[in-house]
There are 2 protein chains.
Amino acid sequence: MVTTVMNKQVILRDYVKDSPKESDLVIVSNTVELKVKSGSSTILVKNLYLSCDPYMGILMREPNSSTMALLDAYVPGKPLVGVGVSKVIDSDDPAFAKGDYVSAVVDWEEYTTIKTPIISKIDVNINVPLSYYTGLLGMAGLTAYAGFFEICSPKKGETVFVSAASGAVGHLVGQFAKLMGCYVVGSAGSKQKVDLLVNKLGFDDAFNYKEEPDLDSALKRCFPKGIDIYFENVGGKMLDAVLLNMKKYGRISVCGMISQYHLETRDRVHNLPDIMFKRIRMQGFVCGDFQDRFPKFLEYVLPYIKEGKLNYVEDIVKGLDNGPAALVGLYHGKNFGKQVLEVARE
Amino acid sequence: MVTTVMNKQVILRDYVKDSPKESDLVIVSNTVELKVKSGSSTILVKNLYLSCDPYMGILMREPNSSTMALLDAYVPGKPLVGVGVSKVIDSDDPAFAKGDYVSAVVDWEEYTTIKTPIISKIDVNINVPLSYYTGLLGMAGLTAYAGFFEICSPKKGETVFVSAASGAVGHLVGQFAKLMGCYVVGSAGSKQKVDLLVNKLGFDDAFNYKEEPDLDSALKRCFPKGIDIYFENVGGKMLDAVLLNMKKYGRISVCGMISQYHLETRDRVHNLPDIMFKRIRMQGFVCGDFQDRFPKFLEYVLPYIKEGKLNYVEDIVKGLDNGPAALVGLYHGKNFGKQVLEVARE
């Protein structure tokens, strides 16, 4: 006998025009049979944790050739799509058995039938909370690792600036940079976040960009001799101030520009000629391009986790109904560390 | 007996505030003895050809930490400094004999006493006009070579866009790209320049940016499938349109941003998030960082020159008195190819 259950989904109402709002999303319910079709090579999963990521807001907009180079846009009337940690309920794929846990691209819903792409089967012998696979041992972790080590070519003793430094990726980049002996400063949007960076995560310094009347001065105060590496998460005015403070042969890894995605008129960036004056290398990347580095990343990061040398900050919101608020909160800096949506614990 | 001669110089009157004007420069005369001091390890040269380069306008401005990362600014009341081709008149340096030709950093004047930096002694067995050492076999050539091959990582069949394509560097980059089998389009500022690119230099296509109401449309017309490599010489609005038309994993080498150096308010560049969406690598460089590649560059370029496979376009203005006009003309696109100032033929 096949069990049929209710399946809640988070649906995009219509393309968003400016910053995503909760009302752009709607919760609907349908039903789903807890069984995959024989011969389909699919698996049916129960989604436990969903990753809330800034790039998702870009996919909520009407697609153009720029955003389509990143990922396919969401479809109005259909669920959001993202990275999740899920449990296999039924499988017609010999590589997966009922009870396995996977990290996979899933719809924002309770149960999803997937064929590809499954990112990885989760090794439950690595004794960490399952939610970590939406962040530290998933996209955020690999993004921080590849973006810092592969794009920034860091050297011990260099100065590193991280914007959105208390975010999912930023707080890991800062710690990776400290672990290799860099001088690290972060910017964030509240006093509590600045405290977290300096007092808990070991950043050498940090500032609240909302309270700095002049970002250039703030950066000059923190980096009197300039910045070797900028890990870019926000764009706009911050990037403009950073360019003035980069050192010769500096590197900028462009992980995101969250401040700019939803502006009708984006910030004016004046200081691009500094890229030539200072021979700066500025490079965009997404972690999907570094998927083959995942085993190397695990080798790097697991010892630090075991030895307690890495602090991972998660901000877990419970219940699919609260998904819209959790996602929209990212664009207002509401999250502390990695924003996770817990759909179910088991 | 020591001969004393008149020595004209081109002096910076005061720091420039906007685009350099002829009146920012003044010709003065002093006298010079045609003999070096014994024990000084210097050489005295007669300057034959002086290179006119866009970066010189940056050095005419009041220096700041950004421009100082490029080179030391000129000093009001003192001569401009640039790259020249000069003949040794007297030498207290055993490496140079009277009658040798050198490529060196010299003041803008008729006679200069120099110690360092001499860029290279000129091998007169390479049978090309001496003026070529201010361009094709000097800074412009090495800039085009290093900027294209080292920064852009080109592959046969890729699409290449060059702005200021009829300029000293641009017209060489385009030909290097054609020689390796790329599809090459250039932009320039007049019909004659566009004709030169397509009919004489072998560009696949070219457009006059001044006659295009919409640069994005012009680029979409020339590159329906997008741009792999952008050789950036101008910045501003052109860069903004290019970003929209770059392909995934595209590369931008930032050789210059001549449109932006002297603006009170620089152009708004909206499309920087495309650097992330498309994983673009954008890198500034100056040829001085690639001086060690010069022998390799000669090995590459000399056969093409001998076989007549490379067209080198020089725009030679005669007489030091005409130096200010030649230099200022660069900022109004008056030059065809490499702008050279001939101070003396021998």
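These legends walk through a few close-up views of the predicted two-chain model above.

In this predicted model, local features need pLDDT of at least 70 and side-chain atom pairs count only at pLDDT 80 or more, while totals for chains, interfaces and linings use all residues. Residues are numbered from 1 along each chain as its sequence is written, chains are lettered from A and ligands numbered from 1 in the order in which they are written, and side-chain values use heavy atoms, leaving out hydrogens and water.

**View 1. An open sheet of 12 strands runs through both chains.** Its order is 10(A)-9(A)-8(A)-11(A)-12(A)-13(A)-13(B)-12(B)-11(B)-8(B)-9(B)-10(B), with mixed pairing. Strand 10 (205–208) of chain A and strand 10 (205–208) of chain B are the edge strands, each pairing on one side only. From one strand to the next, the twist averages 15°. Strands (E, at least two residues) and helices (H or I, at least four) are DSSP runs numbered from the N terminus, and two strands pair if DSSP finds at least two bridges between them.

**View 2. Strand 13 of chain A meets strand 13 of chain B.** The two strands (residues 281–284 in each chain) run antiparallel and are joined by 3 bridges. Here Gln283(A) has Arg281(B) as its bridge partner.

**View 3. The two copies superpose with an RMSD of 0.0 Å.** Laying chain B on chain A takes a turn of 180° and a shift of 0.0 Å along the axis; the two are therefore related as by a two-fold rotation axis. The fit is by least squares on C-alpha atoms of residues with pLDDT of at least 70 in both. Both copies use the same surface, as 100% of the contact residues of chain B recur in chain A (contact means heavy atoms within 4.5 Å).

**View 4. Helix 6 (residues 215–222) of chain B lies across four strands of its own chain: strands 8, 9, 10 and 11.** Helix 6 runs at about 165° to strand 10 of chain B, with angles taken from 0 to 180 degrees between N-to-C directions of axes fitted to C-alpha atoms, for helices over the stretch in contact. Leu215(B), Asp216(B), Ala218(B), Leu219(B) and Cys222(B) are its buried residues (under 20% relative accessible area with a 1.4 Å probe, protein chains only). They fall within an arc of 160° seen down the helix axis, so they line one face of helix 6; the arc is that of the directions from the axis to the C-beta atoms. Their cover includes helix 7 (237–245) of chain B.

**View 5. Strand 8 of chain B is covered on both faces.** Thr159(B) and Phe161(B) are buried on one side, Val160(B) and Val162(B) on the other. Strand 8 runs parallel to strand 9 of chain B, joined by 4 bridges, and Val160(B) stands opposite Val184(B) in strand 9.

Terms used: Buried < 20%, exposed > 50% of the residue type's maximum accessible area, 1.4 Å probe, protein only.
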